[in-house]
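Dear colleague,

I am passing on the structure we spoke about, together with some notes on what turned up when I went through it. Please open it alongside this message, as the notes are meant to be read with the model in view.

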Amino acid sequence: MALATVEELTFSYPGSAPALDRVSLEIEPGEVVLVLGPSGSGKSTLVRALAGLVPWFHGGRFAGRVEVAGRDTRRARPSELAGAVATVFQDPEDQIVLAQVEAEVAFGLENVGTPPSVILPRVHCALEAVGAAHLAGRRVTELSGGELQRVCLASALALEPRLLLLDEPTSQLDPAGAEAFLERAVASGAAVVVSEQRPATALRLADRVLFLDRGRIVLDAPRDEAVAWLDEHRPAWTASPSTTALQGAVGEVVTRVAGARFAYGGGPEVLGGASLELRRGEVVALTGPNGSGKTTLAKIAAGLLEAQGGTVERTGRAAFLLQDPGRYLVRETALDEVALGARRDRAARALAEVGLAWAERAHPRDLSSGERERLALATVLVTEPDLLVLDEPTRGVDPERKAELAGLLRAQAARRATLVVTHDVTFAGEVADREVSLGAEREAIAVVA
């Protein structure tokens, strides 16, 4: 008997075309299903429907039927599915409730009535499973985006659900951490539905692959058959990381950081003597494990933080795109948002450059996660900075759009120095002239591609 059944599901958000259009599928106990598709294709909406959040927490028009663990989601509230279903969403900051990590992971267990004597052992087991045992006593405000994501993953695993729903759960995790988590999720024995824009590891682990486009399922096939289909019809989803050196002509130094040291609030040093040089005409990928100080070093390079030791030299204007730019969109239309930094004609050109010419009059909150990422990119590109810093710019962006973004950054490389903080090794290989890695010793080591 299927654990979850979706029959002729059609759902539209208010004032929008159908996000899902007559979608039908079944999910068996223990099955691992990978959901792929372009940004805005309906992947997140499908995950929300399986969690019962559509239709309970998202206004819109719902038709069809979704049944999970024997409960019809039109009648059973998401709280009634808790324990049987657990979900990890794209933005970990939106899921955090409590101030301390151990308490956060325990919160869900307390809400489903887990015996008190069982809670702490399951909390620590879950944190260990995602490589976050060392974070148990930390405050969530002290964690990086990737560390927060691990905490959310641990909270879901602690519930030992029958159906585990993962909406881009590895978007802020380093490659080793992403692989370890997905392997642990599969080993849990739950049925797993995972939506991913970095599909290499998930493809290896999946039993079955769905591909959505414009709200419809265009592929539902076993993994090997699906890989062959992707190779032929959507090769960006199966492309291997590039190792081709891209170095072109470089100019003057725009930013030089030498021996930078930094600690937050009197805590341990996040940076213990990091150095970084960025020149006009080059794109540099800044990589390294979660918590190694990548975002901190990037903020120092851009002038958003002041180094507590070492020296920083900077020429011209810097622009910084944060990990979760959707939080900082403040205008009623996409064009007005970009026009905060330049004239409206330049704002329109910037939207077109990131593939959003059609969205000039759209409200930013009506765009998909990947579309909001591209809108935010337009808001910084339009300012024509000398140094452009992008912190995880491919989060929520599908492989085809990543290739377009890499092409855009390459085409504009001569205008500025560009620093890309990323865990996405495929994107780094496509876009960067060289890589700078922050390792376990928290010092910058230059690795030239």
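Phe-11 is buried, with a relative accessible area of 0%, whereas Tyr-13, at 21%, counts as partly exposed. Please keep in mind throughout that this is a predicted model.

Aromatic contacts

Searching the whole structure gives four aromatic pairs. In the pair made by Phe-11 and Tyr-13, the ring centres are 5.0 Å apart and the planes stand at 90 degrees, so the arrangement is edge-to-face. Phe-211 and Trp-237 also form an edge-to-face pair, with 5.1 Å from centre to centre and 75 degrees between the planes. Because Phe-211 belongs to strand E9 (residues 208-213) while Trp-237 sits in the loop between helix H9 (223-233) and strand E11 (253-263), this pair ties together parts that are 26 residues apart in sequence. Phe-211 and Trp-237 are both buried, and together with Trp-229 they make up one aromatic cluster.

The six-stranded sheet

Strand E9 also has a place in an open sheet of six strands, which has mixed pairing and runs in the order E6-E7-E8-E3-E9-E10. At its edges are strand E6 (85-88) and strand E10 (216-222), each of which pairs on one side only, and the twist from one strand to the next averages 15 degrees. Within this sheet, strand E7 (residues 163-167) and strand E8 (residues 191-195) run parallel and are joined by five bridges; Leu-163 is found opposite Ala-191 of E8.

Helix H1

Which part of helix H1 is covered, and how much of the helix does that amount to? Eight of the nine residues of H1 (residues 43-51) are buried, so to speak of the helix as mostly covered is fair under the cut-off of under 20% relative accessible area. The buried residues are Lys-43, Ser-44, Thr-45, Leu-46, Val-47, Ala-49, Leu-50 and Ala-51. Just after H1 comes Gly-52, which takes a positive phi of about 85 degrees.

Cavities and a pocket

The structure holds three cavities of 30 Å³ or more, and the linings of two of them are worth setting side by side. The largest cavity encloses about 70 Å³, and its lining has no nonpolar residues, four polar ones and seven charged ones; among them are Glu-168, Glu-196, Arg-198, Glu-392, Arg-395, Lys-402 and Asp-424. The second largest cavity, with a volume of about 50 Å³, has a lining of nine nonpolar residues, with no polar and no charged ones. Helix H7 (175-187), E8 and helix H8 (200-205) each supply at least two residues of that lining, and H7 gives the most, with three. Val-32, Leu-166 and Leu-205 are included in the lining of the second largest cavity as well.

As for the second largest pocket, it contains about 1100 Å³ of space and is lined by 39 residues, those nearest its centre being Glu-142, Leu-143, Ser-144, Gly-145 and Glu-147. Helix H6 (145-158), strand E12 (269-279) and helix H10 (294-302) each supply at least two lining residues, with H6 giving the most, at five. By class, the lining of this pocket divides into ten nonpolar, 16 polar and 13 charged residues.

With best wishes

Technical notes
Residues are numbered from 1 along each chain as its sequence is written. This is a predicted model: local features need pLDDT of at least 70, side-chain atom pairs count only at pLDDT 80 or more; totals for chains, interfaces and linings use all residues. Side-chain values use heavy atoms; hydrogens and water are left out. On a 1 Å grid over the protein atoms alone, a cavity is a set of points where a 1.4 Å probe fits but cannot get out, and a pocket is an open set with protein on both sides within 12 Å along at least five of seven lines; lining residues have an atom within 4 Å of a point. Grid points are joined across faces, edges and corners, and a volume is the space filled by probe spheres set on the points. Helices (H or I, at least four residues) and strands (E, at least two) are DSSP runs, numbered from the N terminus. Ala, Val, Leu, Ile, Met, Phe, Trp, Tyr, Cys and Pro count as nonpolar, Asp, Glu, Lys and Arg as charged, and the others, Gly among them, as polar. Buried means under 20% relative accessible area, exposed over 50%, partly exposed in between (1.4 Å probe, protein chains only). Rings of Phe, Tyr and Trp (its six-membered ring) pair if their centres lie within 6.5 Å; planes under 30 degrees apart count as stacked, over 60 as edge-to-face and the rest as tilted. Two strands pair if DSSP finds at least two bridges between them. Axes are lines fitted to C-alpha atoms, for helices over the stretch in contact, and angles run from 0 to 180 degrees between N-to-C directions.
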